[in-house]
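The exercises below are meant to be worked through with the sequence and the model side by side. Try each task before reading the solution that follows.

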Amino acid sequence: MSASSEEAEEADELLATAEVRARLNCPSCGSAHVAQVLGDNGGVSYVCTACGHSWS
């Protein structure tokens, strides 16, 4: 029972990530070519692969 609950939570997280990624654009150049990266302290940051701009 807990395994299916964990699977449902994982699916929800993947869907939320996909939704964010679908509407995420670089604030500098507007490109949709954005990669999600882990920061030094474990936080999530983003980097534009088109212009190199990074933000969190």
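**Exercise 1. Find how many helices and strands the protein has, and in what order they come.**

Counting the elements in this predicted model gives 1 helix and 3 strands. Reading from the N terminus on, the next step is to write down their order, which is α-β-β-β.

Before going further, check how far the model can be trusted: the mean pLDDT of the protein is 81, and 77% of its residues reach 70 or more. Broken down by element, confidence is lowest in α1, at a mean of 67, and highest in β3, at 94. Where pLDDT is low, the predicted coordinates should not be read in detail.

**Exercise 2. Work out the order of the strands in the sheet, and explain why β1 and β3 each have one side without a neighbour.**

Begin with the pairs. Strands β1 and β2 pair in the antiparallel sense over 5 bridges, while β2, which covers residues 44-48, is joined to β3 by 2 bridges and again runs antiparallel to its partner.

Putting the pairs together gives an open sheet of 3 strands in the order β1-β2-β3, with antiparallel pairing. Because β1 (34-38) and β3 (54-55) stand at the edges and each has a single partner strand, one side of each is left without a neighbour in the sheet.

Now follow single residues across the sheet. Gln36 stands opposite Tyr46 in β2, and Tyr46 in turn stands opposite Trp55 in β3. Between β2 and β3 there is also Val47, which stands opposite Ser54 in β3.

**Exercise 3. Identify which glycine takes a positive phi in each of the hairpins of β1 with β2 and of β2 with β3.**

In the hairpin of β1 and β2 there are 5 residues between the strands, and Gly42 takes a positive phi near 90 degrees.

In the hairpin of β2 and β3, with 5 residues between the strands, the glycine with a positive phi near 90 degrees is Gly52. Gly52 has its place in the loop between β2 and β3, and it counts as partly exposed because its relative accessible area is 48%, and partly exposed residues lie between the 20% and 50% limits. Measuring across the model from C-alpha to C-alpha, Gly52 and Val34 are 9.3 Å apart in space, although 18 residues separate them in sequence.

**Exercise 4. List the residues of the largest nonpolar core, and trace the contacts of Leu24 and Cys26.**

The largest nonpolar core has 6 residues, namely Leu24, Cys26, Val34, Tyr46, Cys48 and Trp55. For the protein as a whole, buried residues make up 14% of the 56 residues.

Take Leu24 next: leaving aside its neighbours within four places in sequence, Leu24 is in contact with Ser31, Ala32, Val34, Tyr46 and Trp55.

Then turn to Cys26, which lies in the loop between α1 (2-22) and β1. With the same neighbours within four places left aside, Cys26 is in contact with Ser31, Val34, Cys48, Cys51, His53 and Trp55. Cys26 counts as buried because its relative accessibility is 4%. Its C-alpha lies 8.7 Å from that of Tyr46, and the two residues are 20 apart in sequence.

**Exercise 5. Decide how many disulfides the structure has, and give the nearest cysteine sulfur for Cys26 and for Cys29.**

Recall that a disulfide is a covalent bond between the sulfur atoms of two cysteines. The search of the whole structure finds 0 disulfides. For Cys26, which is in no disulfide, the nearest cysteine sulfur is that of Cys51, 3.8 Å away. For Cys29, which is in no disulfide either, the nearest cysteine sulfur is that of Cys48, 3.7 Å away. Both distances can be set against the cut-off, since a pair of cysteine sulfur atoms must lie within 2.5 Å to count.

As a last step, consider the surroundings of Cys29, which counts as partly exposed because its relative accessibility is 43%.

Definitions and conventions. Residues are numbered from 1 along each chain as its sequence is written. This is a predicted model: local features need pLDDT of at least 70, side-chain atom pairs count only at pLDDT 80 or more; totals for chains, interfaces and linings use all residues. Side-chain values use heavy atoms; hydrogens and water are left out. Two strands pair if DSSP finds at least two bridges between them. Helices (H or I, at least four residues) and strands (E, at least two) are DSSP runs, numbered from the N terminus. A nonpolar core is a set of buried Ala, Val, Leu, Ile, Met, Phe, Trp, Tyr and Cys residues joined through side-chain atoms within 4.5 Å. Buried means under 20% relative accessible area, exposed over 50%, partly exposed in between (1.4 Å probe, protein chains only). Contact means heavy atoms within 4.5 Å. pLDDT is the predictor's confidence in each residue, from 0 to 100.
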